[in-house]
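Here are my notes on the model, in numbered points. Have the structure open while you read.

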Amino acid sequence: MEILDLTTSPLAYLILSTVFFTLGFVGLLLRREKTIQLMSLGLLYGGVQLGFATFIDYSNNPDGTLMALLILFFGSIHMLSGYFLIKVGRSLWQLFYSY
């Protein structure tokens, strides 16, 4: 009986990163709703993060783990700030421009 090899090459992660980036880019261009565009931007940014994390992980540098965590941390802050701006912007628009 053959044991399943669970090691994956960096190419698999880079292909997945490219798929995320492409889906996010297409969704950003084709959709008009702001919430869908924000989710597409999240996919796009997630693809970039996965690509960076792949290159950092396979470079065998001990500082790479910290850099990958910082990339994920700042990406989370970026997406939360975008969501916050959409929600606050909509409520401010309704507050000031309602008759």
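1. Let's begin with H2. With 24 residues at 1.5 Å a residue, H2 should span 34 Å, and its end C-alpha atoms are indeed 34 Å apart, so the two agree. The expected span here is 1.5 Å times one less than the number of residues in the helix. Helices are DSSP runs (H or I, at least four residues), strands likewise (E, at least two), and both are numbered from the N terminus.

2. A word on what you're looking at. This is a predicted model, where local features need pLDDT of at least 70 and side-chain atom pairs count only at pLDDT 80 or more, while totals for chains, interfaces and linings use all residues. Residues are numbered from 1 along each chain as its sequence is written, and side-chain values use heavy atoms, with hydrogens and water left out.

3. The overall layout is easy to describe: 3 helices and 0 strands, running α-α-α from the N terminus on. Of the 99 residues, 18% count as buried, where buried means under 20% relative accessible area, exposed over 50%, and partly exposed in between (1.4 Å probe, protein chains only). The accessible surface comes to about 8,100 Å², and 72% of that belongs to carbon and sulfur atoms. Areas come from the Shrake-Rupley method with a 1.4 Å probe; for residues, only the protein chains shown count as cover.

4. Now H1, residues 10-30. Its 21 residues should span 30 Å at 1.5 Å a residue, and the end C-alpha atoms are 30 Å apart, which agrees. Ser17, Gly24 and Gly27 are buried in H1. Looking down the axis of H1, its buried residues fall within an arc of 100°, so they line one face of the helix; the arc is that of the directions from the helix axis to the C-beta atoms. The face turned away from that buried side carries the exposed residues Leu11, Leu29 and Leu30.

5. What covers the buried residues of H1? Helix H2 (34-57) is included in that cover. Take Ser40, which lies in H2 and is buried at a relative accessible area of 7%. Leaving out residues up to four places away in sequence, Ser40 touches Gly24, Gly27 and Leu28, a contact being heavy atoms within 4.5 Å. Other buried residues of H2 include Gln37, Leu44, Gly47 and Thr54.

6. Ala53 is also in H2, but counts as partly exposed at 27% relative accessibility. Ala53 and Leu14 are 39 residues apart in sequence and 9.9 Å apart in space, C-alpha to C-alpha. As for the protein's contacts with a separation of 6 or more, 60% come from residues 24 or more positions apart.

7. How many salt bridges does the structure hold? There is 1, with the side chains of Arg31 and Glu33 meeting at 3.5 Å, N to O. The cut-off is a side-chain nitrogen of Lys or Arg within 4 Å of a carboxyl oxygen of Asp or Glu. Arg31 is partly exposed at 40%, and Glu33 is partly exposed at 42%.

8. Last, have a look at the surface of H3 (residues 63-96), where Leu66 sits. Leu66 counts as exposed at 53% relative accessibility. Together with Met67, Leu70, Phe73, Phe74 and Ile77, Leu66 forms a nonpolar patch with about 580 Å² of accessible area. Patches take residues with over 30% relative accessible area and no salt bridge, joining like charges within 9 Å and nonpolar side chains (Val, Leu, Ile, Met, Phe, Trp, Tyr) within 5 Å.
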